[in-house]
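Grab a pencil and work through these short exercises with the model open beside you. Try each task before you read its solution.

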Amino acid sequence: MTLPDSTTWPVITPADRDAVLGVLSDGALVSDRNEETAVDRLETEWAEYVRARHCIGVANGTIALELALEAIGVGPGDEVVVPALSFVATAMAVVNRGARPVFADIDPVTYNIDPDSLRAAITARTVAVMPVHLHGLPAPMDQVMEICQAHGLAVIEDAAQAHGATIEERHVGTFGSIGCFSLQATKNLPTCGEGGLLVTDDDAVASRLRQLRQFGEVIERGRPRKYLSHIVGHNAKLSSVQAAFTSSQLRRLEATSECQDRNVREFLTALEPLAGLHVPRAADPRARHVWHILRFRIDPGVAGLDRSEAGPVREALQRLLRAEGVPVTRYQLIPLSDQPAFSDLPPTTANEEIPVTRAVLADSFVLQRRHLDPSAAPLLRQYAEAFHKTWQHVNLVPALTASRRR
């Protein structure tokens, strides 16, 4: 069976098109001008939304992470603790600074960094920790901040997937020294391509970030550009077209998020009765999950098999669900520590055993994007029916796993 996929993301409205056309009409296409641009306006709007003192727009979420690390002085010989489960950019930003990512394990329910593993990962070379608010769920920032303050470590939050996520109404990205957001077109707050935002309450850090994104220059509104580079910087500016598109999207972010939340919760509630299926949840009642990605874990016992068969059981159920029209995928295939790009990293004295990350990757699959469209409720109901139908035939799984072994 093939289910009709009538959802789209991002949802582009006439207001979004008008915002982009407005920039094309006024000609302020870049942000290095001495008058206000769409980038300035987005920075003001996002800072107000998350209640941060400063916001700096940049070219993408990855460069946001790199500039954040550079702004606090991370460099060769330093170590930065990151979770072993994340998009590769989290660790790659550290490597691009000449530093060493040290990989902490994750919580088996939230998939965010595990505080005990974080403690074990800290060495004499550790200068910062980069918690990731994975899949839209806030990391345990109370514990992360307590650990980092005790060790004198900077905290840079990777909030690329968590626009609007909060802990007791405090927005992610505002707990540490710097918060980093991606505006890539698949994100909950998208642009029409690539973009990124940094937030901080530190005036000096904000000033340095603005210089780093613009060749080390100081751009002053109302004054001519001087072309003086005070530090070695980058060309990492956000375009006005992308900023205007995101500003338009931001005006309806709360309404969209509330609708997404209702749709996803209805979907997950419908799946709760299925034995052996662990659905995503916000374990901390104080946390607002924004459901960027939905990750499901499979207990192989549902098919009468043991833990050693977790991977094959997940693969078989994934194949059955896809045959019913549910576009589930693996998303991340290996822990960050196993990425070939990091195979030549120097050793560390930290304990980098990550059994939970490996178990989660073996027995889980994800649903992406289809649930973000506010009109997705009918499709999600069909997905739920397909899950139930698949579970009615779970007795087929042992035969499927055996055929794959032959």
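**Exercise 1.** Work out whether C55 is buried or exposed in this predicted model.

*Solution.* Start with the relative accessibility of C55, which is 3%. Buried means under 20%, so C55 counts as buried.

**Exercise 2.** Find out how many disulfides there are.

*Solution.* Step one: a disulfide needs two cysteine sulfur atoms within 2.5 Å. Step two: try C55, whose closest cysteine sulfur sits in C180, 11 Å away, so that's too far for a bond. Step three: try C192, where the nearest cysteine sulfur is that of C55, 17 Å away, and C192 is in no disulfide either. The count comes to zero disulfides. While you're at C192, check its surface too: with a relative accessible area of 39%, C192 is partly exposed.

**Exercise 3.** Describe where Q318 sits and what it touches.

*Solution.* First find the helix: Q318 belongs to α10, residues 310-323. Next, its relative accessibility is 12%, so Q318 counts as buried. Finally, skip the neighbours within four places in sequence, and you're left with contacts to V328, T329, R330 and F365.

**Exercise 4.** Describe the largest pocket and its lining.

*Solution.* Begin with the space: the largest pocket holds about 450 Å³. Then look at its walls, which are made by 25 residues, with F87, A160, Q161, S182 and K187 nearest the centre. The elements giving two or more residues to this lining are α3 (61-71), α4 (89-96) and β8 (178-182). Last, sort the lining by class: 10 residues are nonpolar, 11 polar and four charged.

Methods:
Residues numbered from 1 in each chain as written. Predicted model: local features only at pLDDT ≥ 70, side-chain atom pairs only at ≥ 80, totals over all residues. Heavy atoms only, no water. 1 Å grid on protein atoms, 1.4 Å probe; cavity = no way out; pocket = protein on both sides within 12 Å on 5 of 7 lines; lining within 4 Å. Points joined across faces, edges and corners; volume = space filled by probe spheres on them. Helix = DSSP H or I, 4+ residues; strand = E, 2+ residues; numbered from the N terminus. Nonpolar A, V, L, I, M, F, W, Y, C, P; charged D, E, K, R; others polar. Buried < 20%, exposed > 50% of the residue type's maximum accessible area, 1.4 Å probe, protein only. Contact = heavy atoms within 4.5 Å.
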